[in-house]
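User: I'd like a close look at one part of this protein: its buried interior. Please talk me through it in one go, including how far I can trust what I'm looking at.

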Amino acid sequence: MEGPSDRWLAAGGRVSRRTGAALLMILLFGNWLATRISAASPDPPLPKLQADTLAAFERYVRLTEERNQAELNSGKQLFWIDALEEGQRENAYAALKNGEVQIRRLTTVDNGKAINCPGGMIHHWVGVVFVPGARLDGVLALLEDYDHQATYYAPDVERSRIEWRDGEHFHVFLRFRRHKVITVVLNTEHDIRYYRDGPTRAHSRSSATRIAEVENPGKSDEREKPPGDDGGFLWGMETWWRMEERDGGVYVQSEVASLTRDIPSGLGWMIGPFVNSIPKETLAFTLEATRKAVEAKRGVRAGS
């Protein structure tokens, strides 16, 4: 007589009754084990952000800032692709004209040596996009429109507002929602300054001044975890933007260095995909969303 497990696991006679029974036993054992794990005591608290971790990131940022400033002062190789060999550079510019984002990983070193970050991981990416038909003023207007960035950069940015502004100096609030295996919501504050380098060039510098992970977001018991005493999904974020109007549009480059917790032993399956892939994916999304938002605004003006 054929039982339910035989019909489920051996449909079409491709799996034997003995194999089907064995697989069912594995499945039942897996369910039992998962129940036992969920009922066990919670893991001990993860370590807080340590002073030496933060100091290493600040050192990394300081050296990155020096390199950025030197490049801006020279007025040469404004975008990272400008340093490529001629053939590669031409291909990169052609890809930009076709709507692609050119992105790469960076590493800042100190006198040729890697900067050790105990207890943390530094993620450093740079990307550039081309917005055809755009003007520099239009791109700057969109980037500075922080009250509406939750629209331009949804769903990554869930809420946004300008806390205060003094000319080209901004202090803004951004609420990030990021998902990769798990969903993480962060309330962040940023100090941002814009600089006009000439009629066709500009750059900006942004530092996250506060990052707080949100527990139970959107629920009645929503609360912020103390900064640095959380899951460590984002402990620091520094951003450099560069823009140039030429070739019938505007090139926009964004460079981001961020700090996360090192992956704790046993939690790589959960934290690893988030901290390793989110920085690159977020940068690519931000640049693509910037291009689309500028183009959409230009289209609205043209049709009005």
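Analyst: **Inside the fold**

Let's begin with how the chain meets itself. If you take contacts between residues at least 6 apart in sequence, 62% of them join residues at least 24 apart. Keep in mind that this is a predicted model. The protein has 7 helices and 11 strands, and 43% of its 304 residues count as buried. As for the outside, about 16600 Å² is exposed, and carbon and sulfur atoms supply 52% of that.

Now to the interior itself. The largest nonpolar core has 39 residues, and the ones touching the most other members are Val139, Leu143, Met243 and Val252. Plenty of elements chip in: two or more residues come from each of strand 4 (120–132), helix 5, strand 6 (169–180), strand 7 (182–196), strand 8 (201–215), strand 10 (236–246), strand 11 (249–261) and helix 7. There is also a second, separate core of 13 residues, with Ala92, Tyr93, Phe130 and Tyr251 among them.

Helix 5 is a good one to zoom in on. Running over residues 136–143, it has Leu136, Val139, Leu140, Leu142 and Leu143 as its buried residues. Those five sit on the same side of helix 5, because the arc they cover around the axis is only 160°. The background here is that an α-helix has 3.6 residues a turn, so residues three or four places apart point the same way. Two of these buried residues, Val139 and Leu143, are back among the core members that touch the most others.

Next, the rings. The whole structure holds 5 aromatic pairs. One of them is Phe79 with Tyr251, a tilted pair with 5.8 Å from centre to centre and 45° between the planes. Phe79 sits in the loop between helix 3 and helix 4 (86–97) while Tyr251 belongs to strand 11, so this pair ties together parts that are 172 residues apart in sequence. Phe79 and Tyr251 are both buried. Another pair is Phe170 with Tyr194: the centres are 5.8 Å apart and the planes lie at 75°, so this one counts as edge-to-face. Phe170 comes from strand 6 and Tyr194 from strand 7, with their positions 24 residues apart, so to speak, and the pair links distant parts of the chain. Phe170 is buried because its relative accessibility is 0%, and Tyr194 is buried too because its value is 9%.

The rings also group up: Phe79, Tyr93, Phe130 and Tyr251 make one aromatic cluster. If some of those names ring a bell, that's because Tyr93, Phe130 and Tyr251 also appeared in the second core, where burial is part of the definition.

It's worth looking at a few single residues around the buried cut-off, which is under 20% relative accessible area. Leu106 sits in the loop between strand 1 (102–105) and strand 2 (109–110). Leu106 counts as buried because its relative accessibility is 18%. Setting aside neighbours within four places in sequence, Leu106 is in contact with Tyr60, Arg67, His124, Val126 and Glu255. Leu106 and Trp125 are 19 residues apart along the chain, and their C-alpha atoms are separated by 5.5 Å.

Thr286 is another buried residue, with a relative accessible area of 18%. Thr286 lies in helix 7 (residues 268–303), and its contacts beyond four places in sequence are Tyr153 and Trp241.

Leu49 falls on the other side of the cut-off: at 24% relative accessibility, Leu49 counts as partly exposed. You'll find Leu49 in the loop between helix 2 (17–39) and helix 3 (51–74). Not counting residues up to four places away in sequence, Leu49 touches Leu54, Gly228, Trp235 and Leu259. The C-alpha atoms of Leu49 and Pro227 are separated by 8.5 Å, although the two residues are 178 apart along the chain.

Finally, your question of trust. The average pLDDT is 86, and 79% of the residues score at least 70. Residues 1–15 have a pLDDT below 50, yet the model gives this stretch 16 contacts beyond near neighbours in sequence. Over residues 26–41 the pLDDT also stays under 50, and here the model has 1 contact beyond four places in sequence.

Conventions. Residues are numbered from 1 along each chain as its sequence is written. This is a predicted model: local features need pLDDT of at least 70, side-chain atom pairs count only at pLDDT 80 or more; totals for chains, interfaces and linings use all residues. Side-chain values use heavy atoms; hydrogens and water are left out. Helices (H or I, at least four residues) and strands (E, at least two) are DSSP runs, numbered from the N terminus. Buried means under 20% relative accessible area, exposed over 50%, partly exposed in between (1.4 Å probe, protein chains only). Contact means heavy atoms within 4.5 Å. The arc is that of the directions from the helix axis to the C-beta atoms. Accessible areas come from the Shrake-Rupley method with a 1.4 Å probe; for residues, only the protein chains shown count as cover. A nonpolar core is a set of buried Ala, Val, Leu, Ile, Met, Phe, Trp, Tyr and Cys residues joined through side-chain atoms within 4.5 Å. pLDDT is the predictor's confidence in each residue, from 0 to 100. Rings of Phe, Tyr and Trp (its six-membered ring) pair if their centres lie within 6.5 Å; planes under 30 degrees apart count as stacked, over 60 as edge-to-face and the rest as tilted.
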